[in-house]
Amino acid sequence: MPAPVQRRLIFAHIDEPGYTNDLPCYLQHGGYAVMKKALARKPEELIDEVKKSGLRGRGGAGFSCGLKWTLVDRKSGKPIYLIVNADESEPGTFKDRYIIHQDPHQLIEGTMISCFANNVKQAYIYIRGEMPHGARILEKAIQEARAANLVGKNILGSNYSCDLFVHRGAGAYICGEETGLIESLEGKRANPRIKPPYFPAVLGLYQCPTIVNNVETLCHVKHIVDMGGEAYTKIGTPNNTGTRIFCVSGHVQRPGYYEFEAGRITMGQLLNEVCGGPRPGRTFKAVIPGGSSAKIMRFGERYKGKRKVGAELVDYDWGVEDVPMDFDSLGMIGTMGGSGGVIVMDDSVNMVEALANINAFYSHESCGQCTPCREGSLWMKKITSRMVHGEAREQDAALLKNVADQIPGRTICAFGEACSWPTQSFLAKFGDEFKGYAEAKKTKPAAMPLI
Amino acid sequence: MNLKPATLKQIDEVITHYPVKRSATLPLLHLVQEDAGWISTEAIEWVAAKLELPPINIYEVVTFYPMFRQKPIGRRHIKVCRTLSCALTGGYKVCEQFQQEFGCRPGEVSADGEVTIEFVECLASCGSGPVVLIDDDLHERVDAAKVKALSDQIKTAAQGRPAT
């Protein structure tokens, strides 16, 4: 079956010739019209639209956005904060970068609508430190919007006031975790908070109710309020509504970003047709479907079981290429849609070396407050690096599994899972390569150093 | 602290963004580092006094976040992405080539004081790897020829600089 055509909702103007990131251009393209209409409606109605839309967070967890907003404590009398999570740093993910650089007003409009819907008086955009131009572009865009009375006091005469500031991170991946991000915004080390009791919706920034939403998620809100929650559900598939942006990197002919209706494209269509397949003379070996912490898929393996189609349970028997790229299907086969970062590896890659690369990342980024994660990620890195650069032993596979299995569920935040899933899944899918690595590295040296 | 008047102005402005002064810790450290090039003990104490905090609260932040540095670096800062997607397309080779061009290892300052190379984690531009961030500018699909061209640019600019 041929791949569907792209449905560009969020990326409608990305890379469009002549489209600039300033306010006049955005206004020319109908910008802030949705916000104007929204300001005339009741905030509860807007929350309802988002609930009806079925929007799921695009940062990685795929949590219902409407539900997140519903959980906000509105009775405490404390101010409610909204934070835009622009700390995009899950390896393999690069969608928010383009929204921020090329269409910042779309993000600001979506943010201000979300703020109005939730009676937020102060919002922040937490952008990662490694995007200095992005931060400046956002600051300039906010200034333009403030000067046009689209942000700030008494927005467009509506009596609603809300300010928005940019806050820069400083190179720590853990700031993408929402409670770590909140700590960082409070001026501290980004050590995630324990939940309960510190659910941001109740005890977030300055111990006040706080909403943390991903950049792309907030952009979707604008489109939902524009077309209505009901109409939005017509895009995509049930429970996976709207569009998804896939960021494809690694060993394909055409890496890049592609936006499709959620669940309407399979992994095979995405990689073979949209991205042009493997490089000449190569075949696909493995793919990580949703950011580097998502469990790896091995080409050639089959996924079997029963799934719900409408009200019925039907059998499925999929190869990697057949899996629809939505949260539920990828979850069903034991991995996740996550952040939409698809990392492709071809047959030139040795999986021990690829895992060593990933382990070095997680070891570097562990915040260090929970022992299983701090020590576990470090030892997984040490073992895999030693296998590559020193002696590789046959029992290393079992040792690695033993370390990885002791981390998840024993840490304050989901980093424990994120750092152990790669090791667990690489071993489960490519255990033979780990056992035979000592021989393999003598006979088949790495095509490209990965560690 | 000998900060530029423009920096001091920005510092006073950014503090007003937050209901709690401590929140301005990261923004202040960025501003101080951009002005002074690095964060000295004196700078830590200065920021602490400015935000009415004990210096340890600033020190612990400086040591936590990879982008804050406690020693000077070269005039140009070359950050090569190390993480998987870039590594799959040649990130390690790019980093090695930059080291050969400038004769220094990651984290060191080159002999002429011109560059510091750093091998950093994901720069979130995985689809156009290998990527390199030189000062504030991102360079995409960096291959051997591009490393050479970028290095030559840096060397030429250095020659034009008056001796200090």
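**Exercises: helices, a sheet and an interface**

H7(A) lies across E2 and E3 of chain A, running at about 170° to E3(A). Angles here run from 0 to 180 degrees between N-to-C directions, with axes fitted to C-alpha atoms, for helices over the stretch in contact. Before we start: this is a predicted model, where local features need pLDDT of at least 70, side-chain atom pairs count only at pLDDT 80 or more, and totals for chains, interfaces and linings use all residues. Residues are numbered from 1 along each chain as its sequence is written, while chains are lettered from A and ligands numbered from 1 in the order in which they are written.

**Exercise 1. Work out the strand order of the open sheet in chain A, and find its edges.**

Step 1. Lay out the strands: the order is E3-E2-E1-E4, with parallel pairing. Helices (H or I, at least four residues) and strands (E, at least two) are DSSP runs, numbered from the N terminus. Two strands pair if DSSP finds at least two bridges between them.

Step 2. Look for the ends. E3(A) and E4(A) (210-214) each have a single partner strand, so one side of each is left without a neighbour in the sheet.

Step 3. Zoom in on one pair. E2(A), residues 122-127, is joined to E3(A) by six bridges, and Tyr124(A) stands opposite Phe165(A) in E3(A).

Step 4. Add the twist, which averages 20° from one strand to the next.

Step 5. Put a helix on top: H8(A) lies across E1 (81-86), E2, E3 and E4 of chain A, at about 110° to E1(A).

**Exercise 2. Describe how H16(A) packs with H17(A).**

Step 1. Start with the geometry. The axes of H16(A) (396-405) and H17(A) (415-435) come within 10 Å and cross at roughly 165°.

Step 2. Classify the angle. The two helices are therefore roughly antiparallel to each other. The cut-offs: under 35 degrees is roughly parallel, over 145 roughly antiparallel, 65 to 115 roughly perpendicular, and the rest oblique.

Step 3. Get the hand. This crossing is left-handed, meaning that the near helix is turned anticlockwise from the far one by less than a right angle; clockwise would be right-handed.

Step 4. Find the residues. On the H16(A) side they include Leu400(A) and Ala404(A), and on the H17(A) side Leu427(A) and Phe434(A) are among them. Contact here asks for C-beta atoms, placed from the backbone, within 7 Å.

Step 5. Sort by class: five nonpolar, four polar and three charged residues. Ala, Val, Leu, Ile, Met, Phe, Trp, Tyr, Cys and Pro count as nonpolar, Asp, Glu, Lys and Arg as charged, and the others, Gly among them, as polar.

**Exercise 3. Now do the H2(B) and H3(B) pair.**

Step 1. H2(B) (25-36) and H3(B) (41-50) have axes that come within 11 Å and cross at roughly 140°. That makes H2(B) oblique to H3(B).

Step 2. The crossing is right-handed.

Step 3. H2(B) brings Leu28(B), Leu29(B), Val32(B) and Ala36(B), while H3(B) brings Ala43(B), Val47(B) and Lys50(B). By class, that is six nonpolar, no polar and one charged.

**Exercise 4. Which helix gives the most to the side of chain A that touches chain B?**

Step 1. Count both sides: 48 residues of chain A are in contact with 34 residues of chain B.

Step 2. Pick out the contributor: H14(A) gives the most, with six residues.

Step 3. Check the make-up of the chain A side: 22 nonpolar, 17 polar and nine charged residues.

How values were computed
Contact = placed C-beta atoms within 7 Å.
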